[in-house]
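Here is a short tour to follow with the structure open in your viewer. Please select the residues as they come up, stop by stop.

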There are 6 protein chains.
Amino acid sequence: MNRPSGRAADQLREIRITRHYTKHAEGSVLVEFGDTKVICTVSVEAGVPRFLKGKGQGWLTAEYGMLPRATGDRTQREASRGKQGGRTLEIQRLIGRSLRAAVDLTKLGENTLYIDCDVIQADGGTRTASVTGAYVALVDALAVLKKRGLKGNPLKQMVAAVSVGIYQNTPVLDLDYLEDSTAETDLNVIMTDAGGFIEVQGTAEGAPFQPEEFNEMLALAQKGIRDLFELQKAALAD
Amino acid sequence: MNRPSGRAADQLREIRITRHYTKHAEGSVLVEFGDTKVICTVSVEAGVPRFLKGKGQGWLTAEYGMLPRATGDRTQREASRGKQGGRTLEIQRLIGRSLRAAVDLTKLGENTLYIDCDVIQADGGTRTASVTGAYVALVDALAVLKKRGLKGNPLKQMVAAVSVGIYQNTPVLDLDYLEDSTAETDLNVIMTDAGGFIEVQGTAEGAPFQPEEFNEMLALAQKGIRDLFELQKAALAD
Amino acid sequence: MNRPSGRAADQLREIRITRHYTKHAEGSVLVEFGDTKVICTVSVEAGVPRFLKGKGQGWLTAEYGMLPRATGDRTQREASRGKQGGRTLEIQRLIGRSLRAAVDLTKLGENTLYIDCDVIQADGGTRTASVTGAYVALVDALAVLKKRGLKGNPLKQMVAAVSVGIYQNTPVLDLDYLEDSTAETDLNVIMTDAGGFIEVQGTAEGAPFQPEEFNEMLALAQKGIRDLFELQKAALAD
Amino acid sequence: MNRPSGRAADQLREIRITRHYTKHAEGSVLVEFGDTKVICTVSVEAGVPRFLKGKGQGWLTAEYGMLPRATGDRTQREASRGKQGGRTLEIQRLIGRSLRAAVDLTKLGENTLYIDCDVIQADGGTRTASVTGAYVALVDALAVLKKRGLKGNPLKQMVAAVSVGIYQNTPVLDLDYLEDSTAETDLNVIMTDAGGFIEVQGTAEGAPFQPEEFNEMLALAQKGIRDLFELQKAALAD
Amino acid sequence: MNRPSGRAADQLREIRITRHYTKHAEGSVLVEFGDTKVICTVSVEAGVPRFLKGKGQGWLTAEYGMLPRATGDRTQREASRGKQGGRTLEIQRLIGRSLRAAVDLTKLGENTLYIDCDVIQADGGTRTASVTGAYVALVDALAVLKKRGLKGNPLKQMVAAVSVGIYQNTPVLDLDYLEDSTAETDLNVIMTDAGGFIEVQGTAEGAPFQPEEFNEMLALAQKGIRDLFELQKAALAD
Amino acid sequence: MNRPSGRAADQLREIRITRHYTKHAEGSVLVEFGDTKVICTVSVEAGVPRFLKGKGQGWLTAEYGMLPRATGDRTQREASRGKQGGRTLEIQRLIGRSLRAAVDLTKLGENTLYIDCDVIQADGGTRTASVTGAYVALVDALAVLKKRGLKGNPLKQMVAAVSVGIYQNTPVLDLDYLEDSTAETDLNVIMTDAGGFIEVQGTAEGAPFQPEEFNEMLALAQKGIRDLFELQKAALAD
């Protein structure tokens, strides 16, 4: 098997995490998984949604978007279509659940963290890049909250995400668009640094996948996420 | 561990599959997983979406809804809110992908199959009941198409779905609402009768789940889905 | 004149009223007028719309929907179209006005009753079946409210509805779809058990109707509604 | 009984019908029922809706609106709310059905007539004024079509509409807002000049109405509509 | 150069300003610039938008619409399309900004003035007619507020608007539709009676305009607006 | 007068124009006016809107958006609100008109150019940066079209845009957010390299502006736009 990029089966694309990418947000990261580029910002707003009012805890929610020409063909702008598509809603719900796993909402006060992940260039794996980048922006935003007087540390654990798939009968890590568009199976895995799974979402695009393939893919994902935790730590250490 | 329903950990709820439940649709099934009740219809319409026109193949798509009072508290009607929520879109996309795995679209002619799954009473597991019931309605609809002159057999394989989860530290099969609302983890599994996975969607609602728990849950799901295939066959044999 | 169903001109279809049809709602009825089948639920929620706040009274409102394949051809799901159509709004406004005539809103406390009528199979007369079935569900819901401590009895009078029309130059009662789709005139009548009219809505689909035809149709409707009151009483007596 | 306006029970308000009110439309009428003022235009467009294509016939459809401050309190603009309300849809469907009764659609060619009724000042009875005025605009528009070369005469019969109600226990004709807002019953009647009914829509706003009251109201409506036909004829004779 | 209307280059169309045009609004004006006819109402409502609550000041906002057949070809009704178009939003924002320049919001109390400009016949220059007419309606509405007890005078200055353009290489004042649709440049100017500009919006529809042309157009606009102030004063003096 | 940035009154911010910023679009530019950063892409699609079909010419249209946290406080995402706001529509219409002035649509063939301007960081002047950057992306996209076989050169002239305003009684060029939010007047000017105006949009945010101030501002804008043309040329020369 030869990956179009020449990568080894268990090799991530080149990952770059640029902190403080824009100036207004409490946390702002440009995350690049090869040619996939996502701006992840974290905004802090006083107040919580109605269902949490008066409970003394915070909330975290996420939104996802793509610039119309982030993709090979232009995609219609969701704002002008008048609604977010099913894929967008699915991804932003996933990002929100994943990042909520990283924070102890009871230590946030009645504040809401908005995660915004906007893809400026897409080349496969935008949702996993989003989760991985948003985690770093979240750490920066929590540091800002601490400077503004928040007591305690809401950060519970690290979170990162990667995709794996079966490409030409071989499990491979971190699919780019060329691989993704022909892969038989697409599996997105989100884990904590303690080794637990937050989300495992596998879809057979073509032939169903077998239990043993599934286990191989999970092992690849675990390897890739360990690498991503190192890259997140390095970015945060700067 | 005692399940609220008194079921064994690997025991499905009582499953009932009633064919020809309503009279207009080509396929129409009431599927019951215990107190979860879903009407699954399959409608055949001439024509395909624009992206498939002229390719000589068919299409299958799904929509999902819940009656406002299918749930313990009344849920706002999506038609009057003016849009389908993220959960709805996520589920109907899942149903569509799953059922497309059961048919060879190239043998449908330029026809579209609409799967409609409408929950009239919800007690946990509505998406897995929907997939399992819709498969039976699909078989009936394809038989109607055959009577109307369709050549060949588009049916490729059986498809069924079940949920598993970690309830009070123990993996259990086919969660009802009481279990689902307190479970640590929720895993939906969709398989073919050849033993392949079509979808595996696991979400840690509370603590992240460990690889070994994941494997236990998958084994339970495989067992449950084998049981469901028997129940589908029995219903279709009537 | 021969009705397609073989019924006499003044004969209702077979009417079935099944109480406690689903388990969550305070009132839940499956009403069947022949092959027309509607699930009517009544939900009680604390609070009233803004225009009634602080007036110490309650409110009752209704929503109506059809499953996409309740009809001979599949109807597009209103939730995915993003709005309720004119016919739907017209019917749900009618149901709401009709059922409000049955209750003394000042005796409800600041509670809102939501009537949901969802057609699972349509064969003509869905709006009149909805009103007739919703009345029974309303009685059950008020009994629940009483058990929860509501003082006084908000129920003022019985309400039922039936359609009449001119089919092949003859006035007939309770049109089914075959009759309805070719009828010259369609008249929906909603009455109280004291013999007063709540709504009379007559529409000439083809030729205008004459005053004498109108009076004949009204007389048929009065007869049919008397029969329906007996059926409602029988159902509630179980 | 004293009507606030001092009118007799069977007396219409002062009716004014001004033809050629605006310059662009094929038919354009300002109709005034006392202080109720509605601009009714009829526009001719080539083409028909999809469900009629290729059948060689025409179509007629209606839309209704109110200027935000046509009413005593300002009503939110439907264009900025993003949807037409239920009352608006109900009225415009009624106007469309009523005016379709006046034309033989098979003689229109594949043209669509758009009736637009826009209330610039509301004082009760806007829907009946709309139907009555739109009929005159329709005659003018058909004359324009004839000049443009349409063969044959699509006009079948005259159509007019009036409201009646029970005000202080007495049936009265053509309610103004003061009467309408306190009336027990509101009945809108639409007839042809041959004496047939097109629509009869009666609603008990307060107490249900009795059969004998209903007959008295119908008789009043018949009288009022005869008067309106004379006024329409006079306007068209100018 | 010959204007289609035979007007001189610096000549306004015939302007008519009819006060108290409809009866419900605090201010209500029909303004006519030749065949362009706009109903301008000003409604007073207690309360202010959220961003101003508790600041002890008022607000003024504007909405604009066109009847579907105000134009040569029928325009789709924005209420049925489900949204206001870009042109509409642009114009109503302009009207709002312009009229806010006429009032001292701090002297309004916590009241909101709604300006509604609805075009019943369009022949070019609807936005400038709207601003000019709405000013007169505003003066009337403020007089009503004063009668209702408002202390102080919120009126700061007069406001009027006119369009100018380059038609057949010559700058002309107050373009009608025939001129507007072929003009090279369209400039809308809004001024105060103290000679200051509130808005200057120039758009080259065809060839870009040169600085000297721009100055000529501005001079024409200043002349036209002086004339409009006289006409507003005359209308208010009646 | 001291500008917050220390700039001279007629001094632009630091302008950076980065071509080929993203990889998929035919033209893709990151334009920076100081801290204002906008991604401008130009996409070429076969086909034209319906009103141009069969005329053998092309079309150019623009859309504008801001990432939610491009601003100091988070702005609600328009895609999730379900509509684009008035400010967005106004700006994208302006960008479209301005860029259409740069191209000869009759030389495009039946192709549509989509200009997408997405603000990733806002600090005042986003619409003028968008126009200026989009021009460069347009040149690149037309070069791609030429390589794909387009005959002739649709490019007619250069286009650039700048804002000017009155800040502390002094006309200043290219306002940043600090200046913009307190400026008395805001004037956006769009010109061609032949010295003609395409758009002039001046708004008095506070006190009306006087004719002489207006002329001073125009002169500043002309100077600034000459500088911008040099910067565009330098970027295109790379």
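Start by selecting C:Ser28, which lies in strand S2 of chain C, a strand that covers residues 27-33. Keep in mind as you look around that this is a predicted model. Is C:Ser28 buried or exposed? With a relative accessibility of 2%, C:Ser28 counts as buried, because the cut-off for that label is under 20%. To see what surrounds C:Ser28, show its contacts beyond four places in sequence: C:Thr18, C:Arg19, C:His20, C:Tyr21 and C:Thr22, then C:Cys40 and C:Thr41, and finally C:Ala137.

Next, move to chain A and pick A:Gln92, which sits in helix H2 (residues 86-100). A:Gln92 also counts as buried, since its relative accessibility is 9%. Which residue does the side chain of A:Gln92 meet in a polar contact? Look for the side chain of A:Gln84, at 3.3 Å. A:Gln84 also appears in the list of contacts of A:Gln92 outside its sequence neighbourhood of four places, together with A:Ala62, A:Glu63 and A:Tyr64.

Now for the nonpolar interior. Select residue Phe214 in chains A, B, C, D, E and F: within the largest nonpolar core, which has 440 residues, these six touch the most other members. Zoom in on E:Phe214 to see one of them at work on both sides of a chain boundary. In its own chain, E:Phe214 touches E:Leu187, E:Val200 and E:Phe209. From chain F, the residues that E:Phe214 touches are F:Val200, F:Phe214 and F:Leu218.

The last stop is the interface of chain F and chain A. Here 38 residues of chain F are in contact with 38 residues of chain A. The two chains bury about 3,000 Å² between them, and carbon and sulfur atoms give 46% of that area. Select F:His24, F:Arg69 and F:Arg74 now: they supply 25% of the area that chain F buries against chain A, more than any other three residues.

How many salt bridges does the rule find across this interface? There are 16 between chain F and chain A. One to display is F:Lys23 with A:Asp123, whose closest N and O atoms are 3.9 Å apart. The two chains also share 27 residue pairs in polar contact. To colour the chain F side by element, use strand S3 (36-46), strand S4 (59-66), helix H1 (78-81) and strand S5 (111-121), each of which supplies at least two residues. Coloured by class, that side shows 14 nonpolar, eleven polar and 13 charged residues.

How values were computed:
Residues are numbered from 1 along each chain as its sequence is written. Chains are lettered from A and ligands numbered from 1 in the order in which they are written. This is a predicted model: local features need pLDDT of at least 70, side-chain atom pairs count only at pLDDT 80 or more; totals for chains, interfaces and linings use all residues. Side-chain values use heavy atoms; hydrogens and water are left out. A nonpolar core is a set of buried Ala, Val, Leu, Ile, Met, Phe, Trp, Tyr and Cys residues joined through side-chain atoms within 4.5 Å. Buried means under 20% relative accessible area, exposed over 50%, partly exposed in between (1.4 Å probe, protein chains only). Contact means heavy atoms within 4.5 Å. Buried area is the accessible area (1.4 Å probe) that two parts lose on being put together, summed over both. A salt bridge is a side-chain nitrogen of Lys or Arg within 4 Å of a carboxyl oxygen of Asp or Glu. A polar contact is a pair of N or O atoms within 3.5 Å; within protein, one must be able to donate a hydrogen and the other to accept it, and residues adjacent in sequence count only if both atoms are side-chain atoms. Helices (H or I, at least four residues) and strands (E, at least two) are DSSP runs, numbered from the N terminus. Ala, Val, Leu, Ile, Met, Phe, Trp, Tyr, Cys and Pro count as nonpolar, Asp, Glu, Lys and Arg as charged, and the others, Gly among them, as polar.
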